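The following exercise invites a first-year student to read a protein model step by step. Please keep the sequence and the three-dimensional view at hand.

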Amino acid sequence: AKQPVRVLVTGAAGQIGYALVPMIARGVMLGPDQPVILHMLDIAPAAEALNGVKMELVDAAFPLLKGVVATTDVVEACTEVNIAVMVGGFPRKEGMERKDVMSKNVAIYKSQASALEKHAAANCKVLVVANPANTNALILKEFAPSIPEKNISCLTRLDHNRALGQVSERLNVPVSDVKNVIIWGNHSSTQYPDVNHASVKTPAGEKPVRALVANDEWLHGEFITTVQQRGAAIIKARKLSSALSAASSACDHIRDWVLGTPEGTWVSMGVYSDGSYNVPAGLIYSFPVTCRNGEWTIVQGLPIDALSRKKLDLTAEELTEEKELAYSCLS
Ligand code: NDP
């Protein structure tokens, strides 16, 4: 029998956490034959709610769930974890300056990074979900120098999946027949959802999305804004944020990273830039990646047209600014 994998979820009593932990316990993240031990962290004001989530996990009698640690102690939470999904973060409240939110999150990620560095299992993989996700991941990397760069990532898979969903609805094809969209850059409104390399499975073989949609106005306009603003649209409709889809895409991110992407398919992940596609090295930037043997590789050599180039640069500029702001909060 397989040894259980320890999965940390921070902010576990929150909305995304509540949707995410049952998915992990069901095997959605790591597969139906992989036992798991859940480590759930939240802050003291959420301790009682967190205990309630733990009670529900017990009551659900998940066969794969071999243990639950529910705690407000960051060291206990991080000890021996193989996978860390960082959902906890300080939300931007009305009237707060960007810098105030940033400095709160920098402080949180700094302390969690140190705990992970000292106490997590060797080769722990980290996924940051809480916003500003790319920059939180960068801070985490900064304060966990012994965790390899390649083990730290942020979530843009929700945006990726949203782009697949929009193409699927537009062309009236199953979403599973659409592949290879790309989300470039920041998990923010400057992200660039790119369909220039995407394709659809048809009875006559794979066809480029560009050829099938044949409406550049939609592709360059409504498609991009719908993906960029989908989070806000869901808040407006539900009066709550998009927790179900965020949790599901976090599972997709880790599953593909650990178990590999299908042949001929790439996904979007926020990862440490090595300067690919002239994106400044040292940013956490969303790229198209393939995964194998537990490691991601940036897809190389895709042609980038002039319009796309501008959008890749714009979102990189925003990330450079965020990085400067984050570092100014440190000093
Ligand atoms: P959610 O569970 O809805 O969201 C958690 C984080 O994920 C937020 O930063 C949110 O960003 C981000 N996020 C990224 N993508 C999405 C998406 N598609 N939809 C929604 N959110 C997204 O927040 P809750 O407030 O319900 O839960 C947060 C938990 O974190 C609470 O249990 C709280 O106690 C804990 N917390 C922990 C702190 C710490 O560790 N020190 C500090 C503060 C809170 P955005 O804000 O932009 O929506």
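The questions and answers below concern this predicted model.

Q: What average pLDDT does the chain have?
A: The model is predicted, and pLDDT is the predictor's confidence in each residue, on a scale from 0 to 100. In this chain, 100% of the residues score at least 70. For the complex, the predictor gives an ipTM of 0.92 and a pTM of 0.96. The chain itself averages a pLDDT of 96.

Q: Which element gives the most residues to the shell around the ligand?
A: There are 26 residues around the ligand, and those that come nearest are Gly11, Gly14, Gln15, Ile16 and Gly88. Two elements give two or more residues to this shell, namely α1 (15–26) and α11 (243–259). The element that gives the most, with 3 residues, is α1.

Q: How many charged residues does the shell around the ligand have?
A: The shell can be divided by class into nonpolar, polar and charged residues. The nonpolar class has 13 residues and the polar class has 11. The number of charged residues is 2.

Q: How far apart, at most, are the C-alpha atoms of the residues that UniProt lists for "binding site"?
A: The unreviewed UniProt entry lists Arg92, Arg98, Asn131 and Arg162 under this heading. These residues are spread over 71 residues of sequence. They are spread in space as well, with C-alpha atoms up to 26.1 Å apart.

Q: Does Arg98 count as buried or exposed?
A: Arg98 is located in helix α4, which covers residues 98–119. A residue is exposed if 12 or fewer other C-beta atoms lie within 10 Å of its own. Because Arg98 has 12 C-beta neighbours inside 10 Å, it counts as exposed.

Q: Which residues does Asn131 touch, not counting those up to four places away in sequence?
A: Asn131 lies in the loop between β5 (125–128) and α5 (133–142). Asn131 counts as partly exposed because it has 19 C-beta neighbours inside 10 Å. Beyond four places in sequence, the residues that Asn131 touches are Gly89 and His187.

Q: How many of the 10 residues of α5 are buried?
A: The buried residues of α5 include Ala133, Leu138 and Lys141. The buried residues of this helix pack against α4, β5, β6 (152–154), β12 (267–272), β13 and α12 (306–330). Helix α5 is largely enclosed by the rest of the structure, because the number of its buried residues is 9.

Q: Which strands are the edge strands of the open sheet with the order β7-β10-β11?
A: This open sheet has 3 strands with antiparallel pairing. Strand β10 (residues 199–202) is joined to β11 by 4 bridges, and Thr202 of this pairing stands opposite Gly205 in β11. An edge strand pairs on one side only, and the edge strands here are β7 (178–179) and β11 (205–208).

Q: What is the distance in space between Arg292 and Asp313, C-alpha to C-alpha?
A: Arg292 is found in strand β13, residues 284–292. Arg292 counts as exposed because it has 12 C-beta neighbours inside 10 Å. Arg292 and Asp313 are 21 residues apart in sequence, and their distance in space is 28 Å.

Q: What percentage of residues 156–326 is strand?
A: The unreviewed UniProt entry annotates residues 156–326 as "domain: Lactate/malate dehydrogenase C-terminal". The end C-alpha atoms of this span lie 20 Å apart. The span is 46% helix, and its strand content is 20%.

Methods
Residues numbered from 1 in each chain as written. Predicted model: local features only at pLDDT ≥ 70, side-chain atom pairs only at ≥ 80, totals over all residues. Near = placed C-beta within 6 Å. Nonpolar A, V, L, I, M, F, W, Y, C, P; charged D, E, K, R; others polar. Buried ≥ 20, exposed ≤ 12 C-beta atoms within 10 Å, placed from the backbone. UniProt positions renumbered as here; feature names shortened; annotations may be inferred. Contact = placed C-beta atoms within 7 Å. Pairing = 2+ DSSP bridges.
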